[in-house]
Amino acid sequence: SVRDGHEIVLQWSISPDYDIGNYLGSFLGDEGSGSVLSLLRKAKWATSLSAGVYVRTSLFSLYRITVLLTDDGLSNMNEIVQHIFRYINLMKQHAVSESLWNERVHVDDINFRFQPAIDPDDYVTEIASTMRTVQDSAKFLRPPSLRVYNGDQLKSVL
């Protein structure tokens, strides 16, 4: 049953660049119409999907997609994985555009400006845990957003 925690976990290494993981997550982790999750929910194969960087080092990041399955989803795992990779292939063709990148930059800037107050202890812990992977100290003064569009680099990650 779903309470037993059936899930599919896909992961691979990508560039340690924060921007790329953030950008990919905005598409792969989307819950709206036309998303992977909406398709899987419609088929009654999954209850949730999360996508994002799981581990970040100075040399690489591990990108992870986790899908929580229903009982029907458990018996259709191959089809679910196929749908995820079809979506990734679709992203290679259409989602690697400068206009979509700039839209994400704008959304991230808005989210940064209007974010709720962060507990000081949690904030210090977050900064300390990311300092070893941040090469530009000015990144702490800006929103954790997408900076410079690089379509070739995005395509290589996909």
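**Chatting through a predicted model**

Student: Starting with Thr-70: buried or exposed?
Tutor: Thr-70 counts as buried, because its relative accessibility is 15%, and the cut-off for buried is under 20%. Keep in mind as we go that this is a predicted model.

Student: Where does Thr-70 sit?
Tutor: Look in the loop between β3, which covers 61-69, and α3.

Student: What does the side chain of Thr-70 have 2.6 Å away?
Tutor: The backbone oxygen of Lys-44. The atom on the Thr-70 side is a polar one from its side chain.

Student: OK, Lys-44 then. Which loop is that in?
Tutor: Lys-44 belongs to the loop that runs between α2 (36-42) and β2 (46-56).

Student: And is Lys-44 buried or exposed?
Tutor: Exposed, because its relative accessibility comes to 59%. Thr-70, its contact partner, counts as buried.

Student: What about the phi of Lys-44?
Tutor: That one is positive, about 60 degrees, even though Lys-44 is not a glycine. As background, most residues other than glycine have a negative phi.

Student: Let me zoom out. How many helices and strands does the protein chain have?
Tutor: The chain has 7 helices and 3 strands. Going along the sequence, the pattern reads β-α-α-β-β-α-α-α-α-α.

Student: How much of the chain counts as buried?
Tutor: 30% of its 158 residues.

Student: Which residue in strand β3 could I look at?
Tutor: Try Tyr-63, which is found in that strand. Tyr-63 is buried because its relative accessible area is 0%.

Student: What separates Tyr-63 from Ser-15 in space?
Tutor: Their C-alpha atoms are 9.4 Å apart, while along the chain the two are separated by 48 residues.

Student: Moving on to helix α3. Where is Leu-74, and how far is it from Trp-45?
Tutor: Leu-74 is in helix α3. From C-alpha to C-alpha, Leu-74 and Trp-45 are 7.4 Å apart, with their positions 29 residues apart in sequence. Leu-74 counts as partly exposed, because its relative accessibility is 33%.

Student: What comes between α3 and α4?
Tutor: A loop, and Asn-76 has its place there, with α3 at 71-74 and α4 at 77-94. Asn-76 is buried, because its relative accessible area is 18%.

Student: What does the side chain of Asn-76 have 2.7 Å away?
Tutor: The backbone oxygen of Asp-72, which lies that far from a polar atom of the Asn-76 side chain.

Student: And in α4 itself, what about Arg-86?
Tutor: Arg-86 lies in that helix. With a relative accessible area of 48%, Arg-86 is partly exposed. You can pair Arg-86 with Val-36: they are 50 residues apart along the chain, and 9.4 Å separates their C-alpha atoms.

Student: New topic, charges. Which residues form the negative surface patch?
Tutor: Asp-119, Asp-121, Asp-122 and Glu-126 make up that patch.

Student: Which helix holds Glu-126?
Tutor: Helix α6, spanning residues 120-130.

Student: How is Glu-126 classed for exposure, and why?
Tutor: Glu-126 is partly exposed, because its relative accessible area is 46%. Patch members need over 30% relative accessible area, so Glu-126 at 46% clears that cut-off.

How values were computed
Residues numbered from 1 in each chain as written. Predicted model: local features only at pLDDT ≥ 70, side-chain atom pairs only at ≥ 80, totals over all residues. Heavy atoms only, no water. Patch = residues over 30% accessible without salt bridge, like charges linked within 9 Å, V, L, I, M, F, W, Y side chains within 5 Å. Areas by Shrake-Rupley, 256 points an atom, 1.4 Å probe, with all protein chains shown as cover. Salt bridge = Lys/Arg side-chain N within 4 Å of Asp/Glu carboxyl O. Lys, Arg positive; Asp, Glu negative; His and termini not counted. Charge placed at Lys NZ, Arg CZ, Asp CG, Glu CD. Helix = DSSP H or I, 4+ residues; strand = E, 2+ residues; numbered from the N terminus. Buried < 20%, exposed > 50% of the residue type's maximum accessible area, 1.4 Å probe, protein only. Polar contact = N/O pair within 3.5 Å; in protein donor to acceptor, adjacent residues only side chain to side chain.
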